[in-house]
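Got your viewer open? Let's take a walk through this structure, one selection at a time.

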Amino acid sequence: MQPQPSGDPRYSAAATAAAAPNITAWPVAVWIHAARMLRRWSRSTTILISSVAMPAMMMAVVVIMFRGMIEQFSGKPMDLPGMSVMIAVTAMLSGALTNAGSTVRERHEGLTDRVQTFPGRPSASYIGRILAESIRSFIAAPIAMIVALMFGADFGSPIAALRVLLVMLLTAIASGAFGVMMGYLAETPQGAVSAAPLIMAAMFFNTAMMPRDLYAPALRPIVDASPMTALAELTQEAIAGRINAGHIGMFALWFGGLGVISIVVVTLKARRRS
């Protein structure tokens, strides 16, 4: 490696991480990698649009185009809080898969291998990417909720809204980890986004879109098992301030399982490279 100028802030930060005690060196290195990704994304118009504008536009379009039809068909008001979290998660996962395609291209160009030369353990770059992707994903949640509020959504008290945001934060971590895993497992950008049809299907088969009883009997088991249904039900309970172990278990199975599996796969890949 070429000697780096002492005034380079990136080198100084990396050197600080390398010189820090072991108990702090790894978290500092993780944040250095996460901050590198976040700075780069902040300069990308495409990523800013997908992270900020897309959830707002999706929420507005769904309410404007489908609210009247859903309410007339179901005879009930649209579940705006549930719809907002469904839109937010769809935007999270869609953005994560899009970035996964970019990760595949970076791998083929050798950028991820060059990043491994930074001070610190190789796992820091992987976990740092998960952290950055989780932060980027989480942005969709408050944006979708704000748009829902503009259309009359009721999230209860501020404390209830914070509980909803906590649920969305856990979902964002799972989404970020899933996107990073796909970026390191897929061999082509197209392969990285292969799960997109499943995400779109989950968007339409859930209780946030319309009540369960209005789906055809053959589709109700799919609706019951949908991750979006688990999220919508948990959101309603977060707003009401009550706990249903079954809904928490379903949420943990879908999003907790997705996050754990993704992090384990990424960690094992990091160990193989160390």
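Start with the whole chain in cartoon view. Reading along the sequence, you'll meet the pattern α-α-α-α-α-α-α-α-α-α-α-α-α. That's 13 helices and zero strands. Keep in mind as you go that this is a predicted model.

Now switch on the surface. The chain exposes about 13,700 Å², and carbon and sulfur atoms supply 69% of that. What share of the 274 residues counts as buried? The figure is 46%. As for how the chain meets itself, take the contacts with a separation of 6 or more: 77% of them join residues 24 or more positions apart.

**Stop one: the cavities**

Hide the surface and look for empty space inside. Rolling a probe the size of a water molecule over the atoms shows where empty space is left. Here there are four cavities of 30 Å³ or more, and the largest has a volume of about 80 Å³. To find that largest cavity, select Trp41, Asn99, Thr103, Arg129 and Glu133, which are the closest to its centre among the 13 residues lining it.

Next, colour the helices around that spot. Which ones each supply at least two residues of the lining of the largest cavity? They are H2 (22-42), H4 (80-109), H6 (123-138) and H8 (158-185). Give H4 a colour that stands out, as it brings the largest share of this lining, with six residues. If you colour the lining by class instead, you'll get five nonpolar, four polar and four charged residues.

**Stop two: Ile130**

Stay with helix H6 and select Ile130, which lies in it. Is Ile130 buried or exposed? It is buried, because its relative accessible area is 6%, below the 20% cut-off.

Show the side chains around it. Leaving aside residues up to four places away in sequence, Ile130 touches Ala177, Val180, Ile263 and Val266. Then draw a distance from the C-alpha of Ile130 to the C-alpha of Val30: the two are 9.4 Å apart in space, though 100 residues apart in sequence.

**Stop three: the aromatic pairs**

A pair of aromatic rings is described by the distance of the centres and the angle of the planes. The count for this structure comes to three aromatic pairs, and we'll visit two examples.

First up, select Tyr126 and Tyr184. Their rings form a tilted pair, 4.7 Å centre to centre with 50° between the planes. This pair links distant parts of the chain, with Tyr126 in helix H6 and Tyr184 in helix H8, 58 residues apart. Turn the surface back on to see how covered they are. Tyr126 counts as buried, at 2% relative accessibility, and Tyr184 is buried too, with a relative accessible area of 7%.

Now go to Phe205 and Tyr215, another tilted pair: 6.3 Å centre to centre, with 40° between the planes. Where do you find these two residues? Both sit in the loop between helix H10 (196-204) and helix H11 (220-225), 10 residues apart.

Check the surface once more here. Phe205 is partly exposed, with a relative accessible area of 28%, whereas Tyr215 counts as buried, at 5% relative accessibility.

Note on methods: Residues numbered from 1 in each chain as written. Predicted model: local features only at pLDDT ≥ 70, side-chain atom pairs only at ≥ 80, totals over all residues. Heavy atoms only, no water. 1 Å grid on protein atoms, 1.4 Å probe; cavity = no way out; pocket = protein on both sides within 12 Å on 5 of 7 lines; lining within 4 Å. Points joined across faces, edges and corners; volume = space filled by probe spheres on them. Helix = DSSP H or I, 4+ residues; strand = E, 2+ residues; numbered from the N terminus. Nonpolar A, V, L, I, M, F, W, Y, C, P; charged D, E, K, R; others polar. Buried < 20%, exposed > 50% of the residue type's maximum accessible area, 1.4 Å probe, protein only. Contact = heavy atoms within 4.5 Å. Areas by Shrake-Rupley, 256 points an atom, 1.4 Å probe, with all protein chains shown as cover. Phe/Tyr/Trp six-rings, centres within 6.5 Å; stacked < 30°, edge-to-face > 60°.
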